[in-house]
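Work through the exercises below with the sequence and the coordinates at hand. Each task is followed by a solution in steps.

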Number of protein chains: 2
Amino acid sequence: MSHVVPPFELPMSDPAPVERERADARRNRERILCATARLIDRVGIDCMSMDDVAAEAGVGKGTLYRRFGDRSSLLRALISEPEQAFQDALIRGDAPLGPGAPPDERLHAFGEGVLTFLDSHAVYIQAGERLGGGKRYGHPVYAFYRTHVSLLLGQALGETPHHDYLVDALLGPLSAEPFLYQRDLRGMSVEEICAGWHALCDAVLAQG
Amino acid sequence: MSHVVPPFELPMSDPAPVERERADARRNRERILCATARLIDRVGIDCMSMDDVAAEAGVGKGTLYRRFGDRSSLLRALISEPEQAFQDALIRGDAPLGPGAPPDERLHAFGEGVLTFLDSHAVYIQAGERLGGGKRYGHPVYAFYRTHVSLLLGQALGETPHHDYLVDALLGPLSAEPFLYQRDLRGMSVEEICAGWHALCDAVLAQG
DNA sequence: CACTATAGCGGACTCCAGTCCGCTTTTGTC
DNA sequence: GACAAAAGCGGACTGGAGTCCGCTATAGTG
């Protein structure tokens with residue numbers, strides 16, 4: 001199962017204790033993730049109840065919740081592998097996404113990367129956030145992105161007033177809800193959305 | 001005088017209730033709204049269940065839902081009066097919020113107005129959106145704001161590429177979730193948030 | 001005032017997320 | 001291998017959102 005990943009912590013949020021996983025726990029975790037993917041494929045993300053998942057996986061609800069905490073986290077877990085890969089690419093990957101390119105180029109590459117990621121996965125994130133309730137800003141991924149953009153913007157512009165605000169403003173359109181609105185309700189192509197974000201980014205970069 | 005808003009109709013969030021309201025319906029609507037306000041005051045917005053509201057108001061749940069559709073709409077209804085007043089001020093109020101001032105000034109005034117409104121009411125909107133699920137972009141209020149900002153930006157800059165995208169990007173930080181994040185999690189004052197938005201707005205205006 | 005069509009009403013009901021707690025399996029230790 | 005502690009397990013249970021449908025009050029008409 002390519003989407004099954006060990007329960008590591010997200011980078012730089014935790015020193016990662018990583019205890020050994022019991023065999024039955026591992027088996028059930030895999031079953032649950034597979035069952036979730038199967039169910040989403042069969043009935044759609046909105047009609048998939050947690051009871052369904054437990055039944056499909058052949059485990060009890062208690063097990064499901066012990067593992068994944070809530071619906072939101074379960075859906076996140078489904079995409080944790082590509083999410084991790086993207087974060088790695090930001091830190092260790094090739095330029096311009098990774099280190100080596102000038103900060104403004106990296107910033108543009110970052111936005112494009114997030115939007116491409118959203119194109120594949122926004123539906124899961126959005127569905128998770130819907131019932132999770134305001135998860136976005138509290139999620140470690142947001143903190144990670146924020147640090148990254150803050151750093152790049154600082155490198156590009158130096159100390160500027162409203163630095164922090166502009167970081168959030170740049171990240172705003174890179175979240176699932178606005179993306180899905182633009183793509184599905186406004187009918188924009190991913191290229192158009194990317195181009196729009198580049199324009200926003202340029203505006204902010206020019207401002208400094 | 002290109003910045004004067006032509007007298008065409010902008011979409012309003014609450015199309016006039018053309019039909020006469022039955023006496024019992026009116027009585028119950030008032031009871032429900034009062035009960036909701038009382039309950040929020042007493043137990044807090046998150047602990048207030050719809051059953052509680054119905055019981056406190058002395059009506060059945062059916063009545064509650066017939067009236068207000070869902071929890072999200074009930075919470076919206078609580079602030080519909082000031083919301084309406086703000087929208088009126090945008091169309092018919094004094095400059096710079098209303099017509100008469102140059103578009104860039106009106107844009108700045110709009111942002112400040114929304115943020116001030118959010119400072120009082122974001123909690124209700126956010127609580128509603130949490131269980132409503134992605135209501136923001138589908139809500140008539142968003143369409144109204146969108147039209148308004150689009151018009152002002154168009155007057156200020158003329159036809160520019162990515163016009164629509166930038167409108168959404170400007171509106172992004174003016175929604176409840178980012179606002180509450182900035183105010184309550186990041187500990188920013190409303191003044192700082194306003195100043196940040198002005199900077200964003202200036203960046204976009206300078207870009208054209 | 002009597003009549004009737006219809007808007008309004010209420011609460012039992014369904015469905016689902018998330019919790020609780022007693023039972024089972026695993027793992028480390030001797 | 002025996003044992004105890006710890007980790008894992010499962011499904012009954014709770015509580016709340018939103019629906020359904022038969023009953024009731026209202027307002028318009030003669």
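**Exercise 1. Determine how many residues of domain 1 of chain A are in contact with domain 2 of chain A, and describe the area they bury.**

Step 1. Six residues of domain 1 of chain A touch five residues of domain 2 of chain A, where contact means heavy atoms within 4.5 Å. The model is predicted: local features need pLDDT of at least 70 and side-chain atom pairs count only at pLDDT 80 or more, while totals for chains, interfaces and linings use all residues. Residues are numbered from 1 along each chain as its sequence is written, chains are lettered from A and ligands numbered from 1 in the order in which they are written, and side-chain values use heavy atoms, with hydrogens and water left out.

Step 2. The domain bounds, which come from an automatic or database domain assignment, are 14–69 for domain 1 and 78–205 for domain 2 of chain A. Taken over C-alpha atoms, the centres of these two domains of chain A are 28 Å apart.

Step 3. Between them, domain 1 and domain 2 of chain A bury about 400 Å², with 78% of it on carbon and sulfur atoms. Buried area is the accessible area (1.4 Å probe) that two parts lose on being put together, summed over both. A:Ile40, A:Ile45 and A:Asp46 supply 71% of the area that domain 1 of chain A buries against domain 2 of chain A, more than any other three residues.

**Exercise 2. Find the rotation and shift that superpose chain B on chain A, then describe the contact between the chains.**

Step 1. Two copies of a chain are related by a rotation about an axis and a shift along it. Here the rotation is 180 degrees and the shift along the axis 0.0 Å, with an RMSD of 0.1 Å; the fit is by least squares on the C-alpha atoms of residues with pLDDT of at least 70 in both copies. The two copies are thus related as by a two-fold rotation axis.

Step 2. Within chain B, the C-alpha of B:Ala203 comes closest to the axis, at 2.6 Å.

Step 3. Chain B and chain A each bring 30 residues to the contact. The area buried between chain B and chain A is about 2800 Å², and carbon and sulfur atoms give 65% of it. B:Tyr137, B:Tyr165 and B:Tyr181 supply 26% of what chain B buries against chain A, more than any other three residues.

Step 4. Since 100% of the interface residues of chain B are also interface residues in chain A, the copies meet through the same surface.

**Exercise 3. State how many residues surround DNA strand C, and list polar contacts to the strand.**

Step 1. DNA strand C is surrounded by 22 residues, each with a heavy atom within 4 Å of the strand. Among the closest are A:Met50 and B:Asn28.

Step 2. A polar contact is a pair of N or O atoms within 3.5 Å. An N or O atom in the side chain of A:Lys61 is 2.6 Å from a base oxygen of DNA strand C. A polar backbone atom of B:Lys61 is 3.3 Å from a base nitrogen of the strand. For B:Thr63, a polar side-chain atom lies 2.8 Å from a phosphate oxygen of DNA strand C.

**Exercise 4. Do the analogous analysis for DNA strand D.**

Step 1. 21 residues surround DNA strand D, and A:Asn28 and B:Met50 are among the closest.

Step 2. A base nitrogen of DNA strand D is 2.7 Å from a side-chain N or O atom of A:Arg22. A polar backbone atom of A:Lys61 is 3.3 Å from a base nitrogen of DNA strand D.

Key. Polar contact = N/O pair within 3.5 Å; in protein donor to acceptor, adjacent residues only side chain to side chain.
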